[in-house]
Amino acid sequence: MQLLGKIEVSNSEQISNLKMVQGDYRHEMNLLEFKFNSLSNNLYEEVENNQKWTRNQFIKFEKEQLSHINLSLNLLQEKLEKSEHKMEEKLLQLSSKLENFINTQKQTVELSKVKHIENKLSKKINQLEKQIWNELEKMQNEYQSGFKSIHDSLSSLQQIQKTKMDLEKYKVQKDLKKLQRKIVELQEA
């Protein structure tokens, strides 16, 4: 009878301990599930916010670049118009001088002067053309540099997001391994 009583007491203690262990296990599982859900939600929100921020930055940069391009094109147009106007004035002046020269000089001298004026005019036209092409090339290099900069920024942002997600994944896996060890320890006990 005493032995049976001891067995019953031992059995009651084992059942009580088992219930406590099950309660702790359920509590740990609920806590881990809550942490995991919270972490997933935070991670999803952070990724979504980063994507929105990236889109907004890209749109903003695109607007700024378009504005800059329009401004540069307007400036270039103004310069071209001014240059054309100056060229027209110079051509008129040269034409007038040439007419006066023809009227006052001999034909041989006239031909020599005309060639000299044509050479000068040709040089000035070539210089102006070269200057315009240089300005266009400079603008093109600036635009290419701007687009490369935003591409590099987007690549860096994607790398940061990937690293964060990898870290969060590693933490969750670590927590799951701890929980599995506890379960194994409880089962062995």
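Among the contacts in this protein with a separation of 6 or more, what share is accounted for by residues 24 or more positions apart? I shall answer that in a moment. Good morning, and thank you for coming. Please keep in mind that the structure above is a predicted model.

The answer to the opening question is 85%. With that figure stated, let us turn to the secondary structure. The protein has two helices and zero strands. Helix α1 covers residues 2-104, and helix α2 covers residues 107-188.

How many of the residues are buried? Of the 189 residues in the protein, 11% are buried. As for the outside, the accessible surface comes to about 16,400 Å². Carbon and sulfur atoms hold 55% of that surface.

I now come to charge on the surface. Seven lysines gather in a positive patch: Lys82, Lys86, Lys90, Lys97, Lys113, Lys120 and Lys124. Both α1 and α2 give two or more residues to this patch. Which helix gives the most? That is α1, which contributes four residues. On the side of α2, one of the residues to look for is Lys120, which is found in that helix.

There is also a patch of the negative kind. Glu78, Glu81, Glu84, Glu88 and Glu89 form this patch on the surface. Where is Glu84 found? Glu84 is in helix α1.

To close, let me restate the main points. The predicted model shows two helices and no strands. Its surface carries a positive patch of lysines and a negative patch of glutamates. Thank you for your attention.

How values were computed:
Residues numbered from 1 in each chain as written. Predicted model: local features only at pLDDT ≥ 70, side-chain atom pairs only at ≥ 80, totals over all residues. Heavy atoms only, no water. Buried < 20%, exposed > 50% of the residue type's maximum accessible area, 1.4 Å probe, protein only. Contact = heavy atoms within 4.5 Å. Areas by Shrake-Rupley, 256 points an atom, 1.4 Å probe, with all protein chains shown as cover. Patch = residues over 30% accessible without salt bridge, like charges linked within 9 Å, V, L, I, M, F, W, Y side chains within 5 Å. Salt bridge = Lys/Arg side-chain N within 4 Å of Asp/Glu carboxyl O. Lys, Arg positive; Asp, Glu negative; His and termini not counted. Charge placed at Lys NZ, Arg CZ, Asp CG, Glu CD.
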